[in-house]
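Student: I should like to examine how each label given to a structure follows from a value and a cut-off. May we go through the reasoning step by step?

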Amino acid sequence: KLLDGDAAETCAQALVKVDSPEWRQAGWALKGRCEELRGSFSAAIESYRKCLAEPVKTQEAAAAALRLGRLEFRNGEFDRADATLKNAIALNAADARARAEAYVLLAKSAGARNDWASAVAYATVVTSLFDDAEPCAEARKIIAEHPEAKK
């Protein structure tokens, strides 16, 4: 969080080479974030996947899972996005906002496949369990646009 630009990239490059899986995971997450900010989305996806492949699950993995799921959804990789977003929900047990965002993306992914029953179900989870205004507004919009899916 303290690094940006070239300093972040230099740090990420060093961290991905260390022996500690925790630090490597942090390095891959940072590298993915730098690539995402540059608009190198394919490279970011690759880095986030390497982050999640490490044999530990740190807070960096939780954040990377949500970012990766968002990018996979954006690329139309809905099945991969769904699996990644479900992992993000599990990894972000202490972060209600991240979990709510993951559920909204799951709802949007289901909707992109015209599975409106699942989309409404995921959106209902958001409105029922979370009180964060932005994700709840997105979820209510999905529910309102497809009232027939509640049946």
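**From values to labels**

Tutor: Let us begin with a contact list: leaving aside residues up to four places away in sequence, Glu72 touches Arg49, Glu77, Arg80, Ala81 and Thr84. Please note that the model is predicted.

Student: Why is Glu72 called buried?

Tutor: The term buried requires a relative accessible area under 20%. Glu72 has 1% relative accessibility, and therefore counts as buried. Its place in the chain is helix H4, residues 59-74.

Student: What makes the pairing of Glu72 and Arg49 a polar contact?

Tutor: The cut-off for a pair of N or O atoms is 3.5 Å. The side chains of Glu72 and Arg49 are joined at 2.9 Å, so the pair satisfies that limit. The side chain of Glu72 also reaches the backbone nitrogen of Ala81, at 3.5 Å.

Student: Why is Trp23 called exposed?

Tutor: Exposed means over 50% relative accessible area. Trp23, in helix H2 (residues 21-38), has 52% relative accessibility and therefore counts as exposed. Not counting residues up to four places away in sequence, Trp23 touches Leu15 and Val18. The C-alpha atom of Trp23 is separated by 10.0 Å from that of Val56, 33 residues apart along the chain.

Student: What makes Pro55 exposed?

Tutor: The 50% cut-off applies again. Pro55 has 69% relative accessibility, so Pro55 counts as exposed. Pro55 is found in the loop between helix H3 (41-53) and H4. From Pro55 to Ala26, 29 residues apart in sequence, the C-alpha to C-alpha distance is 12 Å.

Student: How do you know that the span of helix H5 agrees with its number of residues?

Tutor: The expected span is 1.5 Å times one less than the number of residues. For the 14 residues of H5 (residues 78-91) this gives 20 Å, and the end C-alpha atoms are 19 Å apart, which agrees.

Student: Which residues of H5 are buried, and what covers them?

Tutor: The buried residues are Ala81, Asp82, Thr84, Leu85, Ala88 and Ile89. Their cover includes H4 and helix H6 (96-112). As a general point, an α-helix has 3.6 residues a turn, so residues three or four places apart point the same way.

Student: How do you know that Cys51 forms no disulfide with Cys34?

Tutor: A disulfide needs two cysteine sulfur atoms within 2.5 Å. The closest cysteine sulfur to that of Cys51 is in Cys34, at 13 Å, which is too far for a bond. By this rule the count comes to zero disulfides.

Student: Are Cys51 and Cys136 buried or exposed?

Tutor: Cys51 has 0% relative accessibility and therefore counts as buried. Cys136 is buried as well, because its relative accessible area is 4% and the limit is 20%.

Student: How many helices and strands does the chain have, and what makes the chain as compact as a globular protein of its length?

Tutor: The chain has eight helices and zero strands. Its radius of gyration is 16 Å, close to the 15 Å that the globule rule gives for 151 residues, so the chain is as compact as a globular protein of that length. The C-alpha atoms fill a box of roughly 55 × 30 × 25 Å, taken along the principal axes.

Student: How much of the chain counts as buried?

Tutor: Of the 151 residues, 42% count as buried. The accessible surface comes to about 8,100 Å², of which 54% belongs to carbon and sulfur atoms.

Technical notes. Residues are numbered from 1 along each chain as its sequence is written. This is a predicted model: local features need pLDDT of at least 70, side-chain atom pairs count only at pLDDT 80 or more; totals for chains, interfaces and linings use all residues. Side-chain values use heavy atoms; hydrogens and water are left out. Helices (H or I, at least four residues) and strands (E, at least two) are DSSP runs, numbered from the N terminus. Buried means under 20% relative accessible area, exposed over 50%, partly exposed in between (1.4 Å probe, protein chains only). A polar contact is a pair of N or O atoms within 3.5 Å; within protein, one must be able to donate a hydrogen and the other to accept it, and residues adjacent in sequence count only if both atoms are side-chain atoms. Contact means heavy atoms within 4.5 Å. The radius of gyration is taken over C-alpha atoms; the globule rule is 2.2 Å times the number of residues to the power 0.38. Accessible areas come from the Shrake-Rupley method with a 1.4 Å probe; for residues, only the protein chains shown count as cover.
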